[in-house]
Amino acid sequence: MQTLPEPVQNVIDAFARLPGIGPKTASRLAFYLLRAPDELSLTLAEALQELKSATGLCEVCFNITQAGKSRCEVCSSPERDENTICVVEEPLDVIALERTGGFNGRYHVLHGVLSPIEGIGPNDIKIPQLLKRLQEHPVKEVILATNPSMEGDATALYLNQRITPLGIRVTRLARGLPVGGDVEYADQNTLLRALAGRQDMD
Ligand SMILES: [Zn+2]
């Protein structure tokens with residue numbers, strides 16, 4: 001039986017570990033790179049290396065920052081309202097909300113959602129950090145902008161139970177977002193409507 005040379009197999013294995021890429025696509029990508037000009041692989045390798053080495057997480061909200069900066073742009077801006085925190089699942093959600101221009105508060109990025117099926121509990125995402133942040137610096141309102149999915153809703157319910165006793169108003173993005181439609185993919189108008197029509201959780 002003929003096997004692939006190890007360097008090719010290594011690339012296929014690495015691609016196959018990415019979400020949404022099966023063994024077939026992984027092979028196709030590996031062979032594409034093998035045939036493409038050297039420059040493409042080198043650019044890709046450099047970009048991947050910098051992805052980790054040149055970025056970090058904001059120590060306040062866990063959004064992505066440039067390496068060496070302890071706070072993201074939003075957290076370091078004196079213009080932003082400190083009394084409202086919008087809780088999102090991923091850094092891409094911050095970008096989507098920023099693009100609307102309709103939110104002037106701060107963020108907190110959870111880096112995931114609660115998912116009992118996948119064994120993801122509160123301590124596996126940035127929930128303890130959020131609660132600590134709120135205890136140390138109480139705000140007026142927390143907007144829960146997790147996705148309208150089963151996990152996103154469960155995460156919002158959990159957070160509501162933990163945050164309401166702190167005397168903070170907790171709201172959830174309005175149902176303008178289609179069920180199953182992610183915050184990061186929503187168009188600007190839909191997001192703006194969802195923000196404006198946010199409702200108190202109870
Ligand atoms: Zn930040």
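Five strands make up an open sheet in this predicted model, and their order is β4-β3-β5-β6-β7, with mixed pairing. At the edges stand β4 (106-109) and β7 (199-200). Each of these two has a single partner strand, so one side of each is left without a neighbour in the sheet.

Let us step inward to strand β3. This strand, residues 84-88, pairs with β5, residues 141-144, in the parallel sense over four bridges. Along this pairing, Thr84 stands opposite Glu141 in β5, and Cys86 stands opposite Ile143 in β5. Helix α7 (residues 150-163) packs on the sheet and touches β3, β5 and β6 (169-172). The direction of helix α7 makes about 170 degrees with that of β6. On the way to the edge, β3 also pairs with β4, again in the parallel sense and over four bridges. There you can find Ile85 opposite Arg106 in β4.

How many of the five residues of β3 are buried? Five of the five are, so β3 is largely enclosed by the rest of the structure. In a regular strand the side chains alternate between the two faces of the sheet. In β3, Thr84, Cys86 and Val88 lie on one side, while Ile85 and Val87 lie on the other. These residues are all buried, and both faces of β3 are covered.

Now follow Glu141, the residue opposite Thr84. Is Glu141 buried or exposed? With a relative accessible area of 7%, Glu141 is buried, because the cut-off for that word is under 20%. The side chain of Glu141 meets that of Arg169 in a salt bridge (3.7 Å, N to O). Arg169 belongs to strand β6 and Glu141 to strand β5, so this pair ties together parts that are 28 residues apart in sequence. Arg169 itself is partly exposed, with a relative accessible area of 40%.

A salt bridge also joins the side chains of Glu141 and Arg198 (2.6 Å, N to O). Here Arg198 lies in the loop between α8 and β7 while Glu141 lies in strand β5, so the pair ties together parts that are 57 residues apart in sequence. Arg198 counts as partly exposed, at 28% relative accessibility. Which residues are linked in a network of salt bridges? They are Glu141, Arg169, Arg198 and Asp200.

Arg198 also gives us a way to place Ala186. Between these two residues there are 15 Å in space, C-alpha to C-alpha, and they are twelve residues apart in sequence. Ala186 is found in the loop between β6 and α8 (188-196), and it is buried, with a relative accessible area of 15%.

The structure holds eight salt bridges, and one of them lies within a helix: the side chains of Glu136 and Lys132 meet at 3.6 Å, N to O. Both residues lie in helix α6 (residues 127-136), where they are four residues apart, about one turn of the helix.

Our last stop is on the surface. Leu4, Phe31 and Leu34 form a nonpolar patch there, with about 250 Å² of accessible area together. Within this patch, Phe31 has its place in helix α2 (residues 23-35). Phe31 is partly exposed, with a relative accessible area of 30%.

How values were computed: Residues numbered from 1 in each chain as written. Predicted model: local features only at pLDDT ≥ 70, side-chain atom pairs only at ≥ 80, totals over all residues. Heavy atoms only, no water. Patch = residues over 30% accessible without salt bridge, like charges linked within 9 Å, V, L, I, M, F, W, Y side chains within 5 Å. Areas by Shrake-Rupley, 256 points an atom, 1.4 Å probe, with all protein chains shown as cover. Salt bridge = Lys/Arg side-chain N within 4 Å of Asp/Glu carboxyl O. Buried < 20%, exposed > 50% of the residue type's maximum accessible area, 1.4 Å probe, protein only. Pairing = 2+ DSSP bridges. Contact = heavy atoms within 4.5 Å. Axes fitted to C-alpha atoms, helices over the stretch in contact; angles between N-to-C directions.
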